[in-house]
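User: Please take a close look at one part of this model and explain each term as you go. I am in my first year, so careful, full sentences would suit me well.

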Amino acid sequence: MARDITPRQKKFVQEYLQSGDATDAAIAAGYSAKSAASTASKTLKMPGVIEYRRELEKKLFDEMGISKAWIVRAMHISA
């Protein structure tokens with residue numbers, strides 16, 4: 001499990017994975033709109049947040065049947 005991160009940081013990661021927009025995710029997680037861009041940038045670099053994001057991505061990819069090998073093949077096909 002990810003290192004201790006706050007509920008707000010967890011919400012930020014969940015929102016970020018849904019929207020792909022870090023600033024919007026920060027606002028949706030309850031951070032100030034005024035400083036959302038800088039807060040998002042800093043939050044994405046936190047070790048616990050990185051670990052939690054990877055855990056959620058792995059879970060999502062597993063549910064979708066997407067592996068690292070599949071991603072590599074897909075990247076080569078589209079290149």
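**A close look at helix α1**

Analyst: A search of the whole structure finds three salt bridges, where a salt bridge is a side-chain nitrogen of Lys or Arg within 4 Å of a carboxyl oxygen of Asp or Glu. The model is predicted, so local features need pLDDT of at least 70 and side-chain atom pairs count only at pLDDT 80 or more, while totals for chains, interfaces and linings use all residues. Residues are numbered from 1 along each chain as its sequence is written, and side-chain values use heavy atoms, with hydrogens and water left out.

As a setting for α1, the protein chain has five helices and zero strands, these being DSSP runs numbered from the N terminus (H or I over at least four residues for a helix, E over at least two for a strand). Following the sequence, the pattern of the protein chain is α-α-α-α-α, and its C-alpha trace spans about 40 × 30 × 20 Å along its principal axes.

Within α1, Lys11 and Glu15 form a salt bridge, and their closest N and O atoms are 2.8 Å apart. Both Lys11 and Glu15 belong to helix α1, where they are four residues apart, about one turn of the helix.

Helix α1 (residues 7-19) also meets helix α3 (residues 36-44), and their axes come within 11 Å and cross at roughly 95 degrees. Because of that angle, α1 is roughly perpendicular to α3; angles of 65 to 115 degrees count as roughly perpendicular, under 35 as roughly parallel, over 145 as roughly antiparallel, and the rest as oblique. The axes are lines fitted to C-alpha atoms, for helices over the stretch in contact, and the angles run from 0 to 180 degrees between N-to-C directions.

Where the two helices touch, Gln9, Phe12 and Tyr16 in α1 meet Ala40, Thr43 and Leu44 in α3, contact meaning heavy atoms within 4.5 Å. Sorted by class, this contact of α1 with α3 has four nonpolar, two polar and no charged residues, with Ala, Val, Leu, Ile, Met, Phe, Trp, Tyr, Cys and Pro counted as nonpolar, Asp, Glu, Lys and Arg as charged, and the others, Gly among them, as polar.
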